[in-house]
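Me: Please take a close look at one helix in this protein and tell me how it sits in the rest of the structure. Start with the overall picture, then go to the part itself.

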Amino acid sequence: VPELPEVETVVRQLAGELPGLEILDVVVQRPDLLREPVSSFRTGIRGRSIESVSRRGKNILLALSGSSLLLVNLGMTGRLLHGKGIERQGPPPYLGVRFLLGGSGPLLYTDVRRFGHLLRYSQEEWGEESRRLGPEPLDPELTAGRFHSLLQASRSPIRSWLLDQTRIAGIGNIYAAESLFRGGIHPTRPANDLSMVESEALLRGMRSVLQEAILARGTTLRDYRTASGEEGGFGPTLEVYGREGEACRRCKLPLERIVFANRSAFLCPRCQPEST
Ligand SMILES: [Zn+2]
């Protein structure tokens, strides 16, 4: 499932390719990816040019001319593809939406399971929507003190807190697990139980893993691809996610998998003690 580093990778690539291009037309093969009729979506998009490409949480934002905005959320298996070679062997499988661009190859949205979506907003509507999301983990304005005070406001298990997009934006199960390992924090600890020192360690761990994963162009477990269709390279660097039974790279103890809130959590029982 694409999280912040995977979405950021797609965004950085598209930000170098799409701005200035006009959307000549859009063909929707899978209307269930939209939250409006195909006809109004098409009318609202066609003829606008792409002004910028950015990210908020796990969302890709295409700012369009006329103060409108197209949000693309990749869901679990979505891909946003652009560039030469994308259609070399014909249209890719599971094509959902095809944007025909002036002076460039098309922009394609594909999605096997179709949990993703494409939504149109006005800039004002999006501003309101964006305020409902938590802060960006890499925003320098998110200081350790502010992070600690946000954690103090919740008794949720810290892993659940990290996954809640209204608390902090962009983290999913992979980077929650990796951040907690780097911070030395057990995933079931209540958020408001973390000391200032622990909050700081978690924030530092989260930022380092996100930045390293962005440099490696994200983690491909199965479905995620960059905008040019390549796999991300961070997978082998994962320290706990998906590694239950294998040795912790720090202390050599076997890593554990526990399940709570219906999802697996991966941890080292020695590096991430349950109580302090
Ligand atoms: Zn360990």
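Reply: In this predicted model, the secondary structure of the protein consists of 7 helices and 10 strands. The radius of gyration is 20 Å, close to the 19 Å that the globule rule gives for 276 residues, so the protein is as compact as a globular protein of that length. Along the principal axes, the C-alpha atoms fill a box of roughly 60 × 40 × 30 Å.

Of the 276 residues, 51% are buried. Counting contacts between residues at least 6 apart in sequence, 65% join residues at least 24 apart. The protein exposes about 12,500 Å², and carbon and sulfur atoms supply 48% of that area. As for charge, there are 36 positive and 32 negative side chains, with the centres of the two sets 3 Å apart.

The helix to look at is α6, which covers residues 173-183. Because 11 of its 11 residues are buried, α6 is largely enclosed by the rest of the structure. The buried set includes the charged residues E178 and R182, along with I174, L180 and F181. Also among the buried residues are Y175, S179 and two alanines, A176 and A177. An α-helix has 3.6 residues a turn, so residues three or four places apart point the same way.

What does α6 pack against? Its buried residues pack against three helices, α1 (4-15), α5 (158-163) and α7 (196-215), and against the strand β10 (263-267).

N173 shows this packing at the level of one residue. N173 belongs to helix α6, and its relative accessibility is 9%, under the 20% cut-off, so N173 counts as buried. Apart from neighbours within four places in sequence, N173 is in contact with E3, R159, L163, Y241, R263 and S264. R159 and L163 fall within the residue range of α5, and R263 and S264 within that of β10.

At the other end, α6 is followed by G184, which has a positive phi near 70 degrees. Positive phi also turns up elsewhere at residues other than glycine. Y94, in the loop between β5 (78-82) and β6 (95-101), has a phi near 60 degrees. R217 is not a glycine either, and its phi is about 65 degrees. R217 is found in the loop between α7 and β9 (256-260), and α7 is one of the helices that α6 packs against. At 33% relative accessibility, R217 counts as partly exposed, whereas N173 counts as buried.

Note on methods. Residues numbered from 1 in each chain as written. Predicted model: local features only at pLDDT ≥ 70, side-chain atom pairs only at ≥ 80, totals over all residues. Heavy atoms only, no water. Helix = DSSP H or I, 4+ residues; strand = E, 2+ residues; numbered from the N terminus. Rg over C-alpha atoms; globule rule 2.2 N^0.38 Å. Buried < 20%, exposed > 50% of the residue type's maximum accessible area, 1.4 Å probe, protein only. Contact = heavy atoms within 4.5 Å. Areas by Shrake-Rupley, 256 points an atom, 1.4 Å probe, with all protein chains shown as cover. Charge placed at Lys NZ, Arg CZ, Asp CG, Glu CD.
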